Amino acid sequence: MPPRIPQQSAATSGPKHAGIEAGLGAELAPVVSGARRRALRDGDRQIDTAHLLHSLLECDPEVRAVFDGGPQLARLLGYLVQRSIGYGLRWQSADENSGGGPAVTGGSWSPVAADALRGAYERAVLRGDERARGLDLLAALVADPRSRAVEVLRRAGVEPPRVTGRAERGREERVGGGDAG
């Protein structure tokens, strides 16, 4: 009997993807793993920014805090869950591609998601850190207005520029000694 969860192809676990994921901190390992599992389970050809956003919200309390908890977070998670159980089927046949390069297939990162992972690492480096954290990834996910993460946020009534501002403030508080509260 074949395994219920498909094995990862070389495209998702090879050195090309290790390079994209290399700048991520240990706290993002479950986010990446969750996004990969979600895409495989849903039968999607790519791991996209909506998969990353969903996994990030589930795994990172600092990221959830950006959305003030309550109704806004509930709407956002509700939309993501609906998408994962089939309401997002119109996305399954299309790859997330910002137009910046060729679409990647075979269960690997979409070009937009790969850019977000690289962008998260670049934010960490600018902060003087060697590893990206959840707030870095959140800010990078909403940086491309054509990403699925941005579409999900907008459909849930969340304005991406506000998310970016809150993620930046949260990052500054963490760096500036926000541990006191």
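**Entry 1. Burial criterion and overall layout**

I take a residue as buried when its relative accessible area is under 20%, as exposed when over 50%, and as partly exposed in between. The model I examined is a predicted one.

I looked up the secondary structure and found eleven helices and two strands. Along the sequence I read the order α-α-α-β-α-α-α-α-β-α-α-α-α. The protein has 181 residues, and 47% of them count as buried. I recorded an accessible surface of about 9200 Å², with 54% of it belonging to carbon and sulfur atoms. I also looked at contacts between residues at least 6 apart in sequence; 67% of these join residues at least 24 apart.

**Entry 2. Salt bridges from helix α3**

I searched the whole structure for salt bridges and obtained ten. I then examined individual pairs.

R36 and E21 form one of them, with an N to O distance of 2.8 Å between the side chains. This pair links distant parts of the chain, since R36 lies in helix α3 (residues 29-42) and E21 in helix α2 (residues 15-21), 15 residues apart. Is R36 buried or exposed? I found a relative accessible area of 9% for R36, so this residue is buried.

R38 and E58 form another salt bridge, at 2.7 Å from N to O. Here too the pair links distant parts of the chain: R38 belongs to helix α3 and E58 to helix α4 (residues 49-59), with their positions 20 residues apart. The two partners fall into separate classes of accessibility. R38 is buried, at a relative accessible area of 9%, whereas E58 is partly exposed, at 46%.

**Entry 3. A pair within helix α10, and a network**

I next looked up R155 and E151, whose side chains meet in a salt bridge at 3.2 Å, N to O. How far apart are R155 and E151 in helix α10? They are four residues apart in this helix (residues 148-155), and therefore separated by about one helical turn. R155 has 49% relative accessibility and counts as partly exposed. E151 is partly exposed as well, with a relative accessible area of 24%.

I also noted a network of salt bridges that links R127, D129, R133 and D136.

**Entry 4. Helix α4**

I returned to helix α4 to check its burial. Nine of its eleven residues are buried, so the helix is largely enclosed by the rest of the structure. I listed the buried residues as T49, A50, H51, L52, L53, H54, S55, L56 and L57. At the start of α4, I found a side-chain oxygen of D48 within 2.9 Å of the backbone nitrogen of A50.

**Entry 5. The nonpolar core**

In soluble globular proteins, nonpolar side chains tend to be buried together. I therefore looked up the largest nonpolar core, which has 43 residues. The residues with the most contacts inside this core are L52, L53, F67, L76, W109, L137 and L138. The elements that contribute two or more residues to the core are α3, α4, α5 (61-66), α6 (70-87), α8 (111-127), α9 (134-141), α10 and α11 (160-175).

Which residues does L137 touch, leaving aside those up to four places away in sequence? I found L28, V31, L52, L56, A116, L117 and A120. Two of these contacts bring me back to Entry 4: L52 and L56 are among the buried residues of α4.

Technical notes
Residues numbered from 1 in each chain as written. Predicted model: local features only at pLDDT ≥ 70, side-chain atom pairs only at ≥ 80, totals over all residues. Heavy atoms only, no water. Salt bridge = Lys/Arg side-chain N within 4 Å of Asp/Glu carboxyl O. Buried < 20%, exposed > 50% of the residue type's maximum accessible area, 1.4 Å probe, protein only. Core = buried A, V, L, I, M, F, W, Y, C linked by side-chain atoms within 4.5 Å. Contact = heavy atoms within 4.5 Å. Polar contact = N/O pair within 3.5 Å; in protein donor to acceptor, adjacent residues only side chain to side chain. Areas by Shrake-Rupley, 256 points an atom, 1.4 Å probe, with all protein chains shown as cover.
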